[in-house]
Amino acid sequence: MSASRELRAIGRSLASIVNALARLAPALKEIDKGPGMPTARRPRRKPSPKRLAALKLQGRYMGYVRNLGPRQKARVKALRAAKGVDAAISLAKNLAR
């Protein structure tokens, strides 16, 4: 085949793709407008200072407990249930040494 014939074939193929995309665009817009689809996202609320403090404590607790063995973890969890997070953090910190 000659180069000009190949170029014409490519041009026809591209035109076919463009037409298919033009037919597809309205269908995609209708799908996007479907029921139950949120139109806009609500902005995330900023956590309260109390929540931020709780997350910080949770992070400290998890950071210390992560490196403990199963028996030590069980001991720390039992203390957390009995006396609270602060006591559990100090025990886990001592056990990690």
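Me: In this predicted model, which helix holds isoleucine 31?
Reply: The model is predicted, not experimental. Its residues 3–32 form one helix, and isoleucine 31 lies within that run. The helix is H1.

Me: Is isoleucine 31 buried or exposed?
Reply: The cut-off for exposed is over 50% relative accessible area. Isoleucine 31 has 59%, so it counts as exposed.

Me: What is the area of the nonpolar surface patch that includes Ile31?
Reply: Ile31 shares this patch with Leu7, Ile10, Leu14, Ile17, Leu21, Leu24 and Leu28. In an α-helix, residues three or four places apart point the same way, because there are 3.6 residues a turn. The nonpolar patch covers about 800 Å².

Me: Which residues make up the largest nonpolar core?
Reply: Nonpolar side chains tend to be buried together in soluble globular proteins. Here the largest nonpolar core has eight residues. They are Tyr61, Val65, Leu68, Val76, Ala88, Ile89, Leu91 and Ala92.

Me: Which helix gives the largest share of this core?
Reply: The largest nonpolar core includes Tyr61 and Ala92. Helices H2 (49–65) and H4 (85–96) each supply at least two of its residues. The largest share, four residues, comes from H4.

Me: Leaving aside neighbours within four places in sequence, which residues does alanine 92 contact?
Reply: Ala92 is one of the core residues. Setting aside neighbours within four places in sequence, alanine 92 is in contact with Tyr64, Val65, Leu68 and Val76.

Me: Is leucine 68 buried or exposed?
Reply: Leucine 68 sits in the loop between H2 and H3. Buried means under 20% relative accessible area. At 8%, leucine 68 is therefore buried.

Me: Which residues does leucine 68 contact, leaving aside its neighbours within four places in sequence?
Reply: Leu68 belongs to the largest nonpolar core. With neighbours within four places in sequence left aside, leucine 68 is in contact with Lys73, Val76, Ala92, Leu95 and Ala96.

Me: How many of the 14 residues of H3 are buried?
Reply: H3 runs over residues 70–83. From first C-alpha to last it reaches 20 Å, close to the 20 Å expected at 1.5 Å a residue. H3 lies largely in the open because, of its 14 residues, the number buried is one.

Me: What phi does glycine 84 take?
Reply: Glycine 84 comes just after H3. Its phi is positive, at about 110°.

Me: Which residues does valine 85 contact, leaving aside its neighbours within four places in sequence?
Reply: Valine 85 is placed in helix H4. With a relative accessible area of 23%, valine 85 is partly exposed. Beyond neighbours within four places in sequence, valine 85 is in contact with Leu57, Tyr61 and Arg80.

Me: How far apart in space are valine 85 and serine 4, C-alpha to C-alpha?
Reply: Along the sequence, valine 85 and serine 4 are 81 residues apart. In space, C-alpha to C-alpha, the separation is 78 Å.

Me: What is the C-alpha separation of arginine 60 and serine 4?
Reply: Arginine 60 lies in helix H2. At 41% relative accessibility, arginine 60 counts as partly exposed. Arginine 60 and serine 4 are 56 residues apart in sequence; C-alpha to C-alpha they are 70 Å apart.

Me: What is the relative accessible area of arginine 44?
Reply: Arginine 44 is found in the loop between H1 and H2. Its C-alpha is separated by 34 Å from that of serine 90, 46 residues apart along the chain. Arginine 44 is exposed, with a relative accessible area of 83%.

Technical notes. Residues numbered from 1 in each chain as written. Predicted model: local features only at pLDDT ≥ 70, side-chain atom pairs only at ≥ 80, totals over all residues. Heavy atoms only, no water. Patch = residues over 30% accessible without salt bridge, like charges linked within 9 Å, V, L, I, M, F, W, Y side chains within 5 Å. Areas by Shrake-Rupley, 256 points an atom, 1.4 Å probe, with all protein chains shown as cover. Salt bridge = Lys/Arg side-chain N within 4 Å of Asp/Glu carboxyl O. Buried < 20%, exposed > 50% of the residue type's maximum accessible area, 1.4 Å probe, protein only. Core = buried A, V, L, I, M, F, W, Y, C linked by side-chain atoms within 4.5 Å. Contact = heavy atoms within 4.5 Å. Expected span 1.5 Å × (residues − 1).
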